[in-house]
Amino acid sequence: MTSGNGPVFKDMAKRLMRKCHDKGNPMPKMLLLKTVFNSSDSPTKDRNSGQSNNFLLSMFMNILDSFSPVKDSLSSVPLDDPDKMTNMMWNCSNLPAMIKLIRNSSEAPACYLHAFVAPLSWATLTTQSENNMDSDDYDALLWAAKSAVQGMPSTRMNLPIKAAPKRVKMILKMLLKLYESTSEAQRTKVVQWAKQQITQNYFNCTVRPSSDSRLKLMQRCKPSLKWLSMEALIMIGPYLSHLQPKDVDSSPKEKLCEFFNSTKFKSALKMVTKMNPSLAKRFIGRFQECFSGKREFAEHLDKLGALACHYDAAPDLSPDLSRKLLSELNKCDDRDNPRIKVLKKRLIKAVMSNSNATQALHELGSSATLLSPSQLPPISVNDLKILGSTMRWTQGQLRALVKKQLGLMKCKKLMGEELIALQSVAAGLPSCVLKLVKSKEILHNTEALKNVSKQMKKGQLKAMLQGLWKDVDPSELVQKLAGPLLRRVSLVKLAKANITSLDQLENKTWSRSQAAYLAKKMYDLKQLQNGTYRRLHSVLQGITCKMIEKVADSDVQGMSQALTETPQWLSKVQAGCAARKFFGTLEKKRANYFKNISRKEMDEIPTFLLVHLNPQRVKDLPDSACPVFLDKMEEANLTLLPRRAPSRPALTKRALLCLANGTDLSKLTTEDMSRLGPLVCELQPSQLRLMAADVLASSLRAMASCVHIPQRHIADLIQLVYQTFGNTSDWSDETMEELGPLILLDDDATSALPNKPWMKDVLYFLKLRLSRISDALKKKIFNLITNTANATLTTSSDNSTSNGNSSSSGNSGSLNGTDSNVTVSSRSRSSNGATISTKVPTAELIEELGQGNVYWTFAELDRMSTRTFLATEETLGIVSDYSTDQLAVLSRKATEALGPVSNMTESVALQLGCLIQGFSNADLEKLALPLDALEDIAHCGWKQLQMEALWKGVAKYNNLTAQQLGAAEMVALSHFICGLSASEMGQLNMDAFKDAVGSMEGLQCSFQAAQQLKRLAVLAFGEPRTWTEAQVADLDNIIAGLDANELASLDPSVLPFLSQSCIPLIPPSNFAALSGAQLEALGPDNAAMVTSQQRAALTDEQLASLESAVTGYRAQNQTPEQSGAPSLSVEGISTFMKPLLFLLTGFLLL
């Protein structure tokens, strides 16, 4: 064990003990502690055992004191020596006896003792010889270690190098219980370890080389080895989802078939939720070999579990088999592969053909949401209860279901019980119904209230709140509200709730503006003292840098620890401020604090703050701190560190120097690189090229899981991938699954991907792993689906387009990858003799493409038949960014199929969605659109004149005037409030505007309309210079309507609370009025939204301030390089990198 393991143990034990504390478990009494730590199975204890026990007790108290000081603590024993700590921990001979006492204790305080021995037990299991342990002791260690393994990073999940068969089974049995809580990386590690242990123990060979002396002489296993026996498959259980496809071929046919037909198979697949396409298809292919044909195999579809998500060769199935397969497909995520949705629809037809409507509804389960509104049978309250509250109905379905529930009484009054019984269908209720809901009828059931409101639109939530406010005290209402309803309570209403203590804030999720208001109120009431930050949770969103700066030095450690526990509520700005405060406090203790920092001091720095350390301080860290530094980097989370922060390359350099330890990078191993944690994503191609071939390959594979890779590295990184793994045209589907995320970072590389049959499914699979889906990837998927070059043009396809009709029946054959989605097409010759392939959209293609329908050319859309348009209008209507030419074609198709706009009914207009964008402004004024429906089309990218026309039409159809708009109506208007004229804006009710404005986020008004809304904001909240953080967060994009002087008057402290979407809407000339302090206060995320036109209007000094905001770095007599990292002087190089001088070329290529 290395000396760094002491801090790792302490960190893990502290994290587990914190969970005990948060659950309310009382602290253990000293009597219990002495009983446990002095336990022994031996009649007499030797001196070393006694010393070890005393040391462990002192360590336990030391960790307990770190987050909850204990009276009469024994933690005075110094723990600065990690080597001594490690040796004493591992030499505890009576650990099993201690565990047995803890296991048999029913006292709640035993939770802390279990937390303490958990990481110690795991380390003992994985590093000590198993020969001197009997089964009972081994089982005791496994029981104790379970909680440590559960929260362990995969890089630290070190399993025994060699274990006896019986021990392997015991370890796997424990790991099977943890499957659902393990990460993908952990699962891969488990299955690789299992394979290694099975081949060692049963075949006397090894699948990979090892430095362990026991394995050095063992021969390598042959690729043809049939190691995956029935017993092995049962032992691995659900971890088989992380085998390699070639491993499936290592299972003898008779054993694999036996496993498939056993109950063990179904139980193993029960826990598996997803699987790589290549592995799933290899399994399916091998299982099909167990039967005489596909139809016989189809009799067993109900066993497939997660494999069903990749079963695309379904023959025409009977209603009964269709029902079985549909039941399995309901567990699949449609987002993984929209082809599943197409297959589901085909199966639904078969199921409904042999069942009555109500029976079919229950059999369909969640797939009922794929029925068209006209297909929905009458649904009773009992049916809704059976279907549950998680159903995601489309807007069209909701309208149909609500109409059937309400009948002709559109604004029927519902009792609280009736509303709750509607479950998810409540999201389709008109606002006029929700306004009539009485608080006394529903507030008693908080969970039900949360369920019925979680899918409601903003206008509906506001309408429901309007009804609830009428007959209950504001304080009582706010305390009983939860979920989306709570987050729609306006600041003016929240002010009336009389919140004066932290007790009133806990166990609730507040919006950002609410959090800003509540944080300021608690701060002013002096409620934010040491220890209270841990209770804030979502209110942390509202903590300002001023508040952080004023925290007393003695309270900084406690505040920092609290922030560490709930980083999901922090912004990059807050994290940076907390780090500066924390480091400033440390540097007051002594000069050059970081130059001579001890391991213990390094261990006490929260990792999420350490990553913000100034690059110069990172450079100054002593070599003696490396073990702890690497431990922290291994599990660091860089989410709150600006993407262009100079700390990123500085941390990466320092970590590489720690790992290299006086040698060059070519000596680094794969295990070394795993210790970089997320810093592997920051590696430069020039650094990677210095590594050994196997280390380079494994590092690139690791980088494929990165959430972010610096843009400046991508081009060279792609070339390095090609040099290491070859061109993508030669890749298998397995290689694409593994490395695809790197290729998809580059648009040209994405477009150049080969059109292989499996490519579409792999890209669907990879989409869920990407933080950003590029237009190039969307276009590539579109081409894979519609490209006729890989399709077999059949006579039936030609016939289906010969009369202008192309229905989904033209694609009712098999669904084998790209080839099966045959684009109905024809071929003709141009005047110069060139062959032209023309595509025709079919219903099945349109359904699979979804948002991808935006890539049809207007000429292709023009070839779509009326029948296809009518079958897919709702799907076509979800696309928000059609071009003008596309909209012209689609709107003409709509009038051809449905008649003139003036004759379109409400239901017809709503079904068209974003397609109504193609209508003229005069036609938009004629549309029959209910006010409640406007939020559904707000995202469609409207122009100012269109919004004005739509408002006029909505006002006329709903018999509305500006004066009549209440808070709920203003929110329901959504973007279309921008369409009110200046005089109409002036007629809006001011109290209603104050109540509504916090729910009007995302407005995309013209500057002139935004100015009108800004004038209302000034009347409502005063001059901009007086606006608080909460008000700025509430006003959202309305801030873009401020003029230059008003922007310049904003307090810099409110700038981090601007919405990101607001920044690009500010005219460049106005944006240029911001001072350097204001620009720097924007923070990294807001600063990243500044447009090139806005940048062009700034002075050099302003640009420097903006750069500080982007990087989150306040330069201290250092000039950042283009990469964002500070430049290195010659003197700095000689002192910092003297042992590795020849690596500087790689390190400085930023």
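How many salt bridges does the count come to? The count for this predicted model comes to 47 salt bridges. A few of them get a close-up below, together with some disulfides and a charged surface patch.

**View 1. Asp137 and Lys100 pair up in a salt bridge.**
Here the closest N and O atoms of Asp137 and Lys100 sit 2.9 Å apart. Asp137 belongs to helix 7 (residues 135–150) and Lys100 to helix 5 (residues 95–104), so the bridge ties together parts that are 37 residues apart in sequence. Buried or exposed, what is Asp137? Asp137 is buried, because its relative accessible area is 14% and buried means under 20%. Lys100, with 29% relative accessibility, counts as partly exposed.

**View 2. Arg103 and Asp139 make a salt bridge between helix 5 and helix 7.**
For Arg103 and Asp139, the closest N and O atoms are 3.3 Å apart. This pair links distant parts of the chain, with Arg103 in helix 5 and Asp139 in helix 7, 36 residues apart. Both ends of the bridge are partly exposed: Arg103 has 38% relative accessibility, and Asp139 has a relative accessible area of 35%.

**View 3. Arg617 meets Glu587 in a salt bridge.**
The N to O distance between these two side chains, Arg617 and Glu587, is 2.7 Å. Arg617 lies in helix 36 (residues 615–620) and Glu587 in helix 33 (residues 572–587), so parts that are 30 residues apart in sequence get tied together. Arg617 is partly exposed at a relative accessible area of 25%, and Glu587 also counts as partly exposed, at 30% relative accessibility.

**View 4. Five charged residues are linked in a network of salt bridges.**
Which residues are linked in this network? They are Arg156, Asp631, Glu634, Glu635 and Arg675.

**View 5. Cys20 and Cys111 are joined by a disulfide.**
Time for some sulfur: the model's disulfide count comes to ten. In this one, Cys20 and Cys111 are 1.9 Å apart, S to S. The link of Cys20 and Cys111 is left-handed, with -80° about the S-S bond. It brings distant parts of the chain together: Cys20 is in helix 1 (residues 5–22) and Cys111 in helix 6 (residues 110–127), 91 residues apart. Cys20 counts as buried, at 3% relative accessibility, whereas Cys111 is partly exposed, with a relative accessible area of 24%.

**View 6. Cys205 and Cys221 form a right-handed disulfide.**
The sulfur atoms of Cys205 and Cys221 are 2.0 Å apart. Why is this disulfide right-handed? Because the torsion about the S-S bond of Cys205 and Cys221 is about 95°. Loops are the setting for both cysteines: Cys205 is in the loop between helix 9 (184–203) and helix 10 (213–216), and Cys221 is in the loop between helix 10 and helix 11 (230–236), with the two cysteines 16 residues apart. Cys205 is buried, with a relative accessible area of 4%, and Cys221 is buried too, with 16%.

**View 7. A disulfide connects Cys411 with Cys432.**
The S to S distance for Cys411 and Cys432 is 2.0 Å. With -90° about the S-S bond, the link of Cys411 and Cys432 is left-handed. Cys411 comes from the loop between helix 21 (395–406) and helix 22 (416–421), while Cys432 is in helix 23 (residues 431–434), 21 residues apart. Cys411 is partly exposed at 41% relative accessibility, and Cys432 is partly exposed at 25%.

**View 8. Four aspartates gather in a patch of negative charge on the surface.**
The members of this patch are Asp747, Asp748, Asp775 and Asp881. Asp748, one of them, sits in helix 44 (residues 747–751). Asp748 counts as exposed, because its relative accessibility is 62% and exposed means over 50%.

**View 9. Lys839 is in strand 2, with Trp856 as a partner for a distance check.**
Strand 2 covers residues 835–839 and holds Lys839. Lys839 is buried, at 14% relative accessibility. Lys839 and Trp856 are 17 residues apart along the chain, and their C-alpha atoms are separated by 8.8 Å.

Terms used: Residues are numbered from 1 along each chain as its sequence is written. This is a predicted model: local features need pLDDT of at least 70, side-chain atom pairs count only at pLDDT 80 or more; totals for chains, interfaces and linings use all residues. Side-chain values use heavy atoms; hydrogens and water are left out. Patches are made of residues with over 30% relative accessible area and no salt bridge: like charges are joined within 9 Å, nonpolar side chains (Val, Leu, Ile, Met, Phe, Trp, Tyr) within 5 Å. Accessible areas come from the Shrake-Rupley method with a 1.4 Å probe; for residues, only the protein chains shown count as cover. Lys and Arg count as positive and Asp and Glu as negative; His and the chain ends are not counted. The place of a charge is taken as NZ of Lys, CZ of Arg, CG of Asp or CD of Glu. Helices (H or I, at least four residues) and strands (E, at least two) are DSSP runs, numbered from the N terminus. Buried means under 20% relative accessible area, exposed over 50%, partly exposed in between (1.4 Å probe, protein chains only). A disulfide is a pair of cysteine sulfur atoms within 2.5 Å.
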